[in-house]
Amino acid sequence: MLKPFITAALLLASGWACAAEPPLTAARYAQLLGVGMDVDWARTERGIREFDPLVVRDFRAKGISHVRIRVADEPTEARLIHLRKLVEACERYGVIPIISYQADAYKNDPKADNEKEVINWWIAVAHYFGQRSPLLGFDLIYEPADKLNHSAASLNRVYEKAIGDIHAIDANRMIFIAPRLRAAPEALSSLKLPAHSQSYLLAEWHIFPWGPQKSNGKYPWTSGTAAEKAAIRSRISAALRWQQKTGHVSWVGGWGVGESNHLTPTASQMAFATYMACELQKAKIPYAINADFQFYDGEEGAWRPAPEPLLQAMIAPGCEKPGEKPGRRAVKPAARDAGRGTPAAASTVKSAAPSASSVNPG
């Protein structure tokens, strides 16, 4: 089970860490990440409008240790101010924020001008935060795909330049880079890594971002057959081999089970969620759950009741121990429910909503 070390995280975030506190490294940062969630608090009009700082408190109470904040548009002053409010709310409630840039124009057309646009986007964000918020992470490109799948040289060029520019502003900023093919673990080896970057650079990859989808008439998960489980272990093993070879650590930026926000989870979904969570935790790879609107009603400021068992299975699964008989799993205690406090919807503190175009979840 991944341990979040929240006390250390809060000390680092608040700047009150003592002189004996060991320096933050990528490996230690990965331990701090634990289980997180992808959020649209800065990506869609609705997500921006509905954000309330107390939502972060609700996430922390549920057992969420980090959030992946997806951003789609230009780093305008209003958007940067909004991002700062999100980051400050995360620091207040002990949740690690990771800003993830979609870079859609670049993914659709990886030409020189669009390369420069991505680099300039991160320079603006890096300057805005400076050396503040030491636990804030930068996920440089959300799911490299589309035409970028055929432009590995361009992708590595953008990463190299952006990393250099960001670290010229803050040498200790934690940075994530993802491989092509929508961050496929098998493509991690195509990443060009800066020398001696193990202390500040993590890889982002994922499988099943929206759950098992039918391909060529077949689902990759039905009832959890031996072959289906082996296929998942094989992909996780690809990431573990890359970690062992390079000395870097990695993070799964998002995985899900499919549509779940209004439906009672099926037995297949529960089995898949439990198996995925157990295998990732066994591999000591932190991960984010995709996505907030599936499980949390921003308008009501409350967790959706229907997918609650599913969410618990994804956060704190009951995993079979080696040698244990199948079906006899330890039941982990649920996180303290935030419902005992003031609901997020009751707060009168609302973030200013900068203009942002709604996009489809991805």
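1. A word on terms before anything else: a charge sits over a ring if NZ of Lys or CZ of Arg is within 6 Å of the ring centre and within 35 degrees of the ring normal. Arg 173 and Phe 138 fit that description, with the charged end of Arg 173 over the ring of Phe 138, 5.0 Å from its centre. Keep in mind throughout that this is a predicted model.

2. Now the overall picture. The chain has 362 residues, and 55% of them are buried. Its secondary structure comes to 13 helices and 10 strands. Take the contacts between residues at least 6 apart in sequence: 79% of these join residues at least 24 apart.

3. The thing to find on screen is the barrel. It is closed, has 8 strands with parallel pairing, and runs β1-β2-β3-β4-β5-β6-β7-β8. From one strand to the next, the twist averages 25°. Helix α2, residues 26–33, packs on the sheet and touches β1, β2, β3, β4, β5, β6 and β7. The direction of α2 makes about 105° with that of β3.

4. Let's walk along part of the barrel, beginning at strand β4 (residues 137–139). β4 is joined to β5 by 3 bridges, and the two run parallel. Phe 138, the residue whose ring has the charged end of Arg 173 over it, has Ile 175 in β5 as its bridge partner. Strand β5 (residues 174–177) then pairs with β6, again in the parallel sense, over 3 bridges. Here Phe 176 is the residue opposite Leu 202 in β6.

5. Strand β6 deserves a pause. How many of the residues in 201–205 are buried? The count is 5 of 5, so to speak a mostly covered strand. Which way do the side chains of β6 point? Leu 201, Ala 203 and Trp 205 point one way, Leu 202 and Glu 204 point the other way, and all are buried.

6. Next along is strand β7 (residues 249–255), which runs parallel to β6 and is joined to it by 4 bridges. Trp 205 of β6 stands opposite Val 252 in β7. There is also a helix between these two in the chain path: β6, helix α10 (residues 226–246) and β7 make a right-handed β-α-β unit. As for burial, 7 of the 7 residues of β7 are buried, so β7 is largely enclosed by the rest of the structure.

7. From β7 the pairing carries on to β8, in the parallel sense, over 2 bridges. Trp 255 stands opposite Ile 289 in β8. Helix α13 (residues 308–315) lies across β1, β7 and β8, and runs at about 175° to β8. α13 is mostly covered, with 6 of its 8 residues buried. The buried ones are Leu 310, Leu 311, Gln 312, Ala 313, Met 314 and Ile 315.

8. On to the aromatic rings. A pair of aromatic rings is described by the distance of the centres and the angle of the planes. The count here is 17 aromatic pairs. Why is the pair of Phe 176 and Trp 251 called tilted? The ring centres are 4.6 Å apart and the planes are at 50°, and tilted is the word for planes that are neither under 30 degrees apart nor over 60. Phe 176 lies in strand β5 and Trp 251 in strand β7, so this pair ties together parts that are 75 residues apart in sequence. Phe 176 counts as buried at 0% relative accessibility, and Trp 251 is buried with a relative accessible area of 0%.

9. Another pair to look at is Tyr 296 with Trp 303. Their ring centres are 4.9 Å apart and their planes are at 85°, so this pair is edge-to-face. Tyr 296 is buried, with a relative accessible area of 4%. Trp 303 has 13% relative accessibility and counts as buried, because the cut-off for buried is under 20%.

10. Last point: which residues do ring pairs link into a cluster? They are Phe 208, Trp 221, Trp 255, Phe 272, Tyr 275 and Tyr 287. Trp 255 should be familiar by now as the residue opposite Ile 289 in β8.

Key
Residues numbered from 1 in each chain as written. Predicted model: local features only at pLDDT ≥ 70, side-chain atom pairs only at ≥ 80, totals over all residues. Heavy atoms only, no water. Buried < 20%, exposed > 50% of the residue type's maximum accessible area, 1.4 Å probe, protein only. Pairing = 2+ DSSP bridges. Right-handed = clockwise from strand over helix to strand, strands pointing away. Phe/Tyr/Trp six-rings, centres within 6.5 Å; stacked < 30°, edge-to-face > 60°. Axes fitted to C-alpha atoms, helices over the stretch in contact; angles between N-to-C directions. Contact = heavy atoms within 4.5 Å.
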